Amino acid sequence: MGDRRTGSAVAAARPLLRHEDRHGGDAVAGAARRLWTSERACLGPASDSGLTAEVAELAQIAGWLLFDAGRQAAARRAFTDSRTLALRAGDARREWFALDMLAMHAVDGHRPDRALAVTEELLARPRVPPRVALLARVRQARALAQTGERARALTAMRRARGALQDSVALRDPAWTWWVDGTEVLGHEAEMLLDLDAPRAALPLFHALDQRVRATAPTGRIALHHAVAGLTAHIRAGAWPEAAPSLARAAHLLTDVTSTRSTTRLHGTLHALYRHAPTWLLHHARDTLHAAARPTPPPAPPGP
């Protein structure tokens with residue numbers, strides 16, 4: 001009976017993920033957190049491994065949505081609990097995912113020491129699947145860049161990029177389906193920003209923008225990359241190119257509420273208001289005023 005209940009809870013979380021993909025995580029993070037904590041409370045010392053592993057998955061889903069909603073302390077607790085439960089269940093694949101999410105969280109929060117500790121743990125394990133190791137090297141490269149270790153960061157990213165040429169292995173867990181050239185390109189561009197090389201990052205952001213427009217023209221992913229590209233243009237002082245980037249981000253904001261992206265956008269706009277030419281300041285104010293939205297998109301029915 002317990003397995004069916006939690007399986008139903010995991011199924012209930014799927015619409016929350018779909019909403020986040022389309023509209024951002026702000027409206028659904030609370031529902032995902034409630035699902036996770038309610039099922040977590042039902043676990044006991046004698047709970048079977050299948051049930052425990054499914055609650056680990058619920059914790060990972062909740063962590064991701066909380067992360068996108070900017071609730072970073074709660075997200076880290078969820079990712080940590082996901083790892084704890086995956087270990088208890090003996091589910092290596094879910095533990096790898098939890099570790100990757102913890103490394104991602106640390107990189108995003110500019111805590112490179114914590115990210116490096118996680119990635120080094122992953123890479124030291126025997127027979128880690130290729131795509132999991134690739135992701136660990138991507139996170140490692142980002143963390144090394146944040147510490148200013150340029151040569152080591154570039155080497156780690158080069159190894160990750162090279163591993164993309166390898167075929168997807170049977171040992172790769174299903175959750176690595178999204179680990180592709182676009183994912184690595186985005187992190188490589190961000191790594192160059194971490195290394196304070198925005199001019200070098202611009203061609204990568206331009207290539208990334210073309211890929212994202214072709215595969216995910218709207219939604220949370222599009223907003224995330226639009227804000228990242230705008231950040232690169234402003235840091236590079238590429239003012240003419242910043243204007244269309246700002247317009248795209250503003251347009252996407254009319255349908256996406258992702259505190260993670262909007263927090264970054266606010267910091268980017270602060271830099272714009274300090275350094276941009278007057279014509280771009282007027283353009284920014286007009287564009288953002290036109291894109292203002294009084295209410296967020298409706299969330300799907302929650303539990």
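Colleague: Is tryptophan 175 buried or exposed in this structure, and how large is its relative accessible area?

Modeller: A residue counts as buried when its relative accessible area is under 20%, and tryptophan 175, with a relative accessible area of 12%, is therefore buried. Bear in mind that this is a predicted model, and that each value we discuss is computed from it. Tryptophan 178, at 18% relative accessibility, also counts as buried, because the cut-off is 20%.

Colleague: How many aromatic pairs does the structure hold?

Modeller: The structure holds 3 aromatic pairs. In one of them, the rings of tryptophan 64 and phenylalanine 67 have their centres 5.6 Å apart and their planes at 35°, so the pair is tilted. Tryptophan 64 and phenylalanine 67 are 3 residues apart in helix 3, which spans residues 49-68, so about one helical turn separates them. Both tryptophan 64 and phenylalanine 67 are buried. The two tryptophans with which we began, 175 and 178, also form a pair: their ring centres lie 6.5 Å apart and their planes stand at 35°, so this pair is tilted.

Colleague: Which residues do ring pairs link into a cluster?

Modeller: The cluster that ring pairs build consists of Phe97, Trp175 and Trp178.

Colleague: An aromatic ring may also have a charged group over its face; which residue lies over the face of tyrosine 273?

Modeller: That residue is arginine 285, which lies over the face of tyrosine 273 at 5.6 Å from the ring centre. For an arginine, the distance is taken from CZ and has to be within 6 Å of the ring centre.

Colleague: Turning to open space in the protein, how much of it lies in the second largest pocket, and which residues are closest to the centre of that pocket?

Modeller: The second largest pocket holds about 240 Å³ of space. It is lined by 16 residues, of which Phe205, Asp209, Arg213, His233 and Ser245 are the closest to its centre. The elements that contribute two or more residues to this lining are helix 10 (198-215), helix 11 (220-236) and helix 12 (239-253). By chemical character, the lining of the second largest pocket divides into 7 nonpolar, 5 polar and 4 charged residues.

Colleague: Where does arginine 142 lie, and with which residues is it in contact once its neighbours within four places in sequence are left aside?

Modeller: Arginine 142 lies in helix 7, residues 130-146, and it is buried, with a relative accessible area of 11%. With its neighbours within four places in sequence left aside, arginine 142 is in contact with Val107, His187, Glu190, Met191 and Asp194. One of those partners, histidine 187, has its place in helix 9, residues 181-194, and is itself buried, with a relative accessible area of 13%. On the same basis of leaving aside neighbours within four places, histidine 187 is in contact with Val138, Arg139, Arg142 and Met157.

Colleague: How should I set separation along the chain against separation in space, and what is the C-alpha distance between alanine 9 and leucine 35?

Modeller: The two separations are read side by side: alanine 9 and leucine 35 are 26 residues apart along the chain, and their C-alpha atoms are separated by 6.7 Å. Alanine 9 lies in helix 1, residues 2-23, and is buried, with a relative accessible area of 5%. Leaving aside neighbours within four places in sequence, its contacts are Leu35, Glu39 and Leu58. Threonine 52, in helix 3, and alanine 86 are 34 residues apart along the chain, with 7.2 Å between their C-alpha atoms. Threonine 52 counts as buried, at 2% relative accessibility, and it touches Leu43, Ser47, Leu85, Arg88 and Ala89, if residues up to four places away are not counted. Histidine 187 and threonine 287, by contrast, are 100 residues apart in sequence and 28 Å apart in space, C-alpha to C-alpha.

Colleague: Finally, what is the phi of histidine 110, and where is the place of this residue?

Modeller: Most residues other than glycine have a negative phi. Histidine 110, although it is not a glycine, has a positive phi of about 55°; its place is in the loop between helix 5 (92-108) and helix 6 (112-124), and at 53% relative accessibility it counts as exposed. Arginine 127 also has a positive phi, near 60°, and is found in the loop between helix 6 and helix 7. At 62% relative accessibility, arginine 127 counts as exposed.

Conventions:
Residues are numbered from 1 along each chain as its sequence is written. This is a predicted model: local features need pLDDT of at least 70, side-chain atom pairs count only at pLDDT 80 or more; totals for chains, interfaces and linings use all residues. Side-chain values use heavy atoms; hydrogens and water are left out. Rings of Phe, Tyr and Trp (its six-membered ring) pair if their centres lie within 6.5 Å; planes under 30 degrees apart count as stacked, over 60 as edge-to-face and the rest as tilted. Buried means under 20% relative accessible area, exposed over 50%, partly exposed in between (1.4 Å probe, protein chains only). A charge sits over a ring if NZ of Lys or CZ of Arg is within 6 Å of the ring centre and within 35 degrees of the ring normal. On a 1 Å grid over the protein atoms alone, a cavity is a set of points where a 1.4 Å probe fits but cannot get out, and a pocket is an open set with protein on both sides within 12 Å along at least five of seven lines; lining residues have an atom within 4 Å of a point. Grid points are joined across faces, edges and corners, and a volume is the space filled by probe spheres set on the points. Ala, Val, Leu, Ile, Met, Phe, Trp, Tyr, Cys and Pro count as nonpolar, Asp, Glu, Lys and Arg as charged, and the others, Gly among them, as polar. Contact means heavy atoms within 4.5 Å.
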